[in-house]
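Work through these exercises with the sequence and the 3D view open. Try each task before you read its solution.

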Amino acid sequence: MQKFQIKTQIHSGHNSINYLKTIDARKACIVTDKLMIQLGMVDKVTNVLETNNIEYKVFDEVEPNPSLETVTRGLHHIVETKPDLLIAIGGGSAIDAAKAIMFFCIKTKEELVDKEAVKKPCFVAIPTTSGTGSEVTAYSVITDKKKNAKIPISEEIMVPDVAILDAEFTKTVPPFVTADTGMDVLTHSIEALVSKEASEYTDMFAQKSIELVFRYLIRAYKDGNDMTAREKMHDASCMAGIAFTNAGLGITHSLAHSIGAEYGLSHGRANAILLPYVIEYNSGIENNNDDNLKADERYRFVSRLLGLPSNTVEEGVMALIEAVRTMNKMLNIPVTLKETGIDRDEFEKNLDKITKRAIKDICTMSNPKKVNSDDLKNILKRAYCGLQF
Ligand SMILES: [Fe+2]
């Protein structure tokens with residue numbers, strides 16, 4: 001039995017921020033970071049709220065990799081303000097922080113506000129990058145700085161009620177971030193498509209997202225003012241989010257999470273570099289292992305979708321790998337981990353730690369092919385120096 005769910009109401013396209021002119025609310029709490037205020041993104045939202053006579057308070061303390069302390073402060077802000085509208089404006093971090101605030105608000109309201117329970121506010125997410133798909137997912141990651149640990153939370157109450165996909169909010173994203181986050185989108189959709197939990201429903205969103213990324217990412221990278229490309233990438237990001245929140249991901253993400261924690265490499269960039277090597281591994285090219293749930297045929301299917309050569313399964317797989325590599329090159333993303341500046345000795349010394357963490361990562365469970373530590377080490381070694389299977 002499979003379950004597919006979309007809870008979020010999606011408003012997309014030019015001026016979709018104007019949806020807030022019609023929303024029925026009296027008091028809003030905005031969760032964001034200081035950069036969003038500097039860039040005028042928060043003003044774009046508060047101007048609309050004012051026309052709808054909605055009061056607002058801004059909590060702008062979210063930092064990259066939001067901490068438990070920030071979430072706690074945000075929670076107190078909500079308890080004091082008692083908003084009926086919670087608006088997250090930003091990339092993954094602001095939306096993740098708002099999700100965690102929402103989680104703790106509902107889970108701990110009894111102790112915090114005694115009998116004056118906080119009613120669950122309507123939760124609106126306004127993403128300002130096209131990458132995480134966080135506006136439609138149930139996941140959030142908070143950092144416990146004292147224990148130096150990441151706390152992943154996944155709860156249905158954290159899924160935003162409304163997502164506003166207004167590309168105007170992505171216009172100022174610099175090209176390298178457009179590239180990295182765009183490749184994260186592609187990794188979400190390709191991993192969701194070959195996941196063990198994939199269904200006809202998740203496939204539909206993953207396929208469309210892949211098509212949009214291949215058609216519009218380079219355009220958005222080359223010209224940040226190309227609003228058609230920006231809009232399409234925003235849609236692709238959301239569609240990929242819908243696909244992977246239902247189907248799960250795979251070991252590209254497990255390894256990217258682990259490498260990112262070790263070397264501070266951006267999430268999207270780590271995914272972009274690793275993806276071709278993981279496709280090689282999952283398709284069984286290197287050892288002809290049958291245990292791949294036909295991942296090779298799924299990759300060939302993607303190649304067909306993109307009009308790439310795919311007369312045989314192997315040709316289709318190789319064409320997809322080459323297409324991802326070409327995309328990386330056009331986006332000035334390195335082809336190997338070595339090119340990112342990671343020291344070889346350091347890398348070899350940390351291989352055990354990186355793979356152990358990746359094996360335990362939740363994304364490993366839905367990978368189409370089973371993996372052990374040696375498999376992951378092999379993938380990483382190849383990705384380090386660019387060896388192909
Ligand atoms: Fe991702």
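**Exercise 1.** Which residues' side chains meet in a salt bridge at 3.1 Å, N to O?

*Solution.* Keep in mind that this is a predicted model. The pair is Glu 262 and Lys 353. Next, place the partners. Glu 262 lies in helix H9 (residues 251-263) and Lys 353 in helix H13 (residues 344-360). They are 91 residues apart, so the pair links distant parts of the chain. Last, check exposure. Glu 262 is partly exposed, at 23% relative accessibility. Lys 353 is also partly exposed, with a relative accessible area of 42%.

**Exercise 2.** Find the glutamate that forms a salt bridge with Arg 325, and state whether the two residues are buried or exposed.

*Solution.* The partner is Glu 280. The closest N and O atoms are 4.0 Å apart. Arg 325 sits in helix H12 (residues 313-330), and Glu 280 in helix H10 (residues 267-282). This pair too links distant parts of the chain, with the two positions 45 residues apart in numbering. Both Arg 325 and Glu 280 are buried.

**Exercise 3.** Explain how Lys 208 and Glu 211 are placed for a salt bridge.

*Solution.* Start with the contact. Their side chains meet in a salt bridge at 4.0 Å, N to O. Now look at the helix. Both residues are in H7, 3 residues apart, so about one helical turn separates them. A general rule helps here. An α-helix has 3.6 residues a turn, so residues three or four places apart point the same way. Then check exposure. Lys 208 is partly exposed at 40% relative accessibility. Glu 211 is partly exposed at 25%.

**Exercise 4.** Count the salt bridges in the whole structure, and name the members of a network that includes Lys 7.

*Solution.* The search finds 17 salt bridges. The network links Lys 7, Lys 120 and Asp 161.

**Exercise 5.** Identify the residues that touch the most other members of the largest nonpolar core.

*Solution.* The core has 67 residues. Met 183, Leu 331, Leu 337 and Leu 380 touch the most other members. Helix H7 (residues 200-222) gives the most to this core, with 10 residues. Now take Leu 331 and set aside its neighbours within four places in sequence. Leu 331 is then in contact with Ala 179, Met 183, Leu 217, Ile 218 and Tyr 221.

**Exercise 6.** Decide how many disulfides there are, and test Cys 29 and Cys 238.

*Solution.* The count is 0 disulfides. Take Cys 29. The nearest cysteine sulfur belongs to Cys 105, 9.7 Å away. The cut-off is 2.5 Å, so Cys 29 is in no disulfide. Cys 29 is buried, with a relative accessible area of 1%. Now take Cys 238. The closest cysteine sulfur is in Cys 122, 16 Å away, which is too far for a bond. Cys 238 is buried as well, at 3% relative accessibility.

**Exercise 7.** Check the length of helix H3 (residues 68-81) against its expected span.

*Solution.* H3 has 14 residues. At 1.5 Å a residue, they should span 20 Å. The end C-alpha atoms are 20 Å apart, so the two values agree. Next, look along the helix for buried residues. Among them are Thr 70, Val 71, Gly 74, Leu 75, His 77 and Ile 78. Finally, step past the end. Lys 82 follows H3, and its phi is positive, near 50 degrees.

Methods: Residues are numbered from 1 along each chain as its sequence is written. This is a predicted model: local features need pLDDT of at least 70, side-chain atom pairs count only at pLDDT 80 or more; totals for chains, interfaces and linings use all residues. Side-chain values use heavy atoms; hydrogens and water are left out. A nonpolar core is a set of buried Ala, Val, Leu, Ile, Met, Phe, Trp, Tyr and Cys residues joined through side-chain atoms within 4.5 Å. Buried means under 20% relative accessible area, exposed over 50%, partly exposed in between (1.4 Å probe, protein chains only). Helices (H or I, at least four residues) and strands (E, at least two) are DSSP runs, numbered from the N terminus. Contact means heavy atoms within 4.5 Å. The expected span of a helix is 1.5 Å times one less than its number of residues.
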